[in-house]
Amino acid sequence: MVDTVRLARKYSEHALFGILLILWEAFILVILSVWAKYPEGEDAIEDGGLWYDTRDVSIMIFFGFGYLMTFLRRYGFSAISYSFMIAGMVCQWSIVCELFWEEIRFDHSFDNRRNVGVEQFLNGLFCSGAVLISYGAILGKINPTQMLVMAFFEPFFFWLNYYVSFLTLKALDIGGGIFIHEFGAYFGLAMTLFVTSKRTKGHSDNVSCYSSDIFSLAGTLFLYIMWPSFNAVTAEPGEQQVRALTNTFLSLCGAVISSSIVSRWISHGKFEVVHLQNSTLAGGVVMGTAANLNISVAAAIACGLVAGAVSVLGYRFLTPLLSQRLGMQDICGVHNLHGIPGVLGAILSVFATAGLGQHEPERSEFPHGAQQAGYQTAAIAITFGIAVAGGLLSGAIIWLIDLWSPVPRDDLFNDRGYWQLPSDYEWVVDREDSDDETEMDAMEEGGEKKRRESDKTFLRPQGSRLAEEKKAKADSKKGNMPPPKYNRTGSLIDVASAAGYADHDRRPPTVKRRGADNATSAGVGDAASSSSSEE
């Protein structure tokens, strides 16, 4: 009976997703059919010139963000494709939200058709970036309908913040350090309060593997290469744009250096790939607000060095603390990559505008002259407030949907629940074959095999991190056990259950392949006992 009810709810969730998406798309079509027009004349010429930089931003959103999230070993389809879907939905919805708030600000009649061209596509990509940042905080914990709810509500609050902080206060934010990174990070963290529970903590699939981390690094490289375009695309051509490109590039280089140094210092002399995947990009985030300002070349590098180091320390210390003490399980660590560096960049803009405003109060890029620093400070606070309020509202709706149609624990951080899977999906990571059986032989037999019990207990939640770390270190001295390690969301890896693995928090159970020696398999004891029993 329970299984029947669960199945009915799953299929009703599938139907609700389709119905809501059709209604949403129909609404967008109706609004744009009566409210939008193509740019003409000089507007069209100016708009078309934005396309080449917009293409770089598009690569970041559709490729970079999706691949950056592929670190979860069993969530590759969802990470890339959900990011693809979110960006496709938000880019359209963002146009409607942007036109609405601009109409509120400049023309209350709602009678005139407004231009929709490359500039609106670019703004839609920026809005998609904020939504994808928020999605990273709850990656693997929501179903497609909940994803739809987030993609619907967040752009509305994004453009509300744009209306208040940019159109009204005229705060400076050339690369979205405040409006994109700070907003997206704290919107997502607020939602985590509603989707974090005992079901999501200590999950065996909330872990990466070698190949998934390589795909994630590919996303890092694409984001890294395109980030100067992201920060400079809206800058005035000439000196401001050159400064934005130069400051962003040098800050990114500084972040690579500091991330590499600090990663080895705090990881027992070895590099941690999560730091190279994420903290190296903090240099681009920290330059988001002040990239076009004359802060000096050396200061740009210094900002990248600080942002990279702070981001690494955040992954090591702050993420476990937020998860264990406040119930904020930040899956991608968006607080360390976007939240903290975004706020640091915003604070940099306060000091930069205060200093430059005092020396040159008539600077054309400062709408409020010597008073610009105060408006920057107000924008930081307002953005944080709107992001948290919007995240709490969206999280509450997502929580209600979860009460009605929860994601089964076995399907968390996993493609299994919502995707047609390839033939080798259940075998590549989990399968341990005997000497005379290969993966392909087993697949040809048909039917699904029960997952290994050791895989189900691969991770486990713990209490105080410091207490567990102290206890584990004491045990390691007695029994020659490896030091305690944590996954990127703060869950302590069970050292005992993972015995026999090097870097056990990042390696899945060994797959037995044709011709492999028994001694190389993690389950050698079980395999040997089963062979002897058959004899």
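Trainee: In this predicted model, which side chains does Asp411 meet in a salt bridge, and how should I read the burial of the pair?

Mentor: The side chains of Asp411 and Arg416 form a salt bridge, with 3.7 Å from N to O. Burial is judged from relative accessible area, where under 20% is buried and 20% to 50% is partly exposed. Asp411 is therefore buried at 14%, whereas Arg416, with 21%, is partly exposed.

Trainee: Which residues do salt bridges with shared partners join into one network?

Mentor: That network consists of Arg73, Arg74 and Asp205. Within it, Asp205 and Arg74 meet at 3.6 Å, N to O, and the two residues are 131 apart in the chain, Asp205 lying in the loop between helices H7 and H8 and Arg74 in the loop between helices H3 and H4. Asp205 is buried, its relative accessible area being 0%, and Arg74 is also buried, at 2%.

Trainee: How many salt bridges does the structure hold?

Mentor: There are 7, including the one between Arg114 and Glu102, whose closest N and O atoms are 4.0 Å apart. Arg114 belongs to strand S2 and Glu102 to helix H4, so this pair ties together parts 12 residues apart in sequence.

Trainee: Which residues form the nonpolar patch on the surface?

Mentor: In an α-helix, residues three or four places apart point the same way, because there are 3.6 residues a turn. Here the patch is formed by Ile257, Ile261, Trp265, Val297, Ile301 and Leu305, with about 590 Å² of accessible area together, and helices H9 and H12 each give two or more residues to the patch.

Note on methods. Residues are numbered from 1 along each chain as its sequence is written. This is a predicted model: local features need pLDDT of at least 70, side-chain atom pairs count only at pLDDT 80 or more; totals for chains, interfaces and linings use all residues. Side-chain values use heavy atoms; hydrogens and water are left out. Patches are made of residues with over 30% relative accessible area and no salt bridge: like charges are joined within 9 Å, nonpolar side chains (Val, Leu, Ile, Met, Phe, Trp, Tyr) within 5 Å. Accessible areas come from the Shrake-Rupley method with a 1.4 Å probe; for residues, only the protein chains shown count as cover. Helices (H or I, at least four residues) and strands (E, at least two) are DSSP runs, numbered from the N terminus. Buried means under 20% relative accessible area, exposed over 50%, partly exposed in between (1.4 Å probe, protein chains only).
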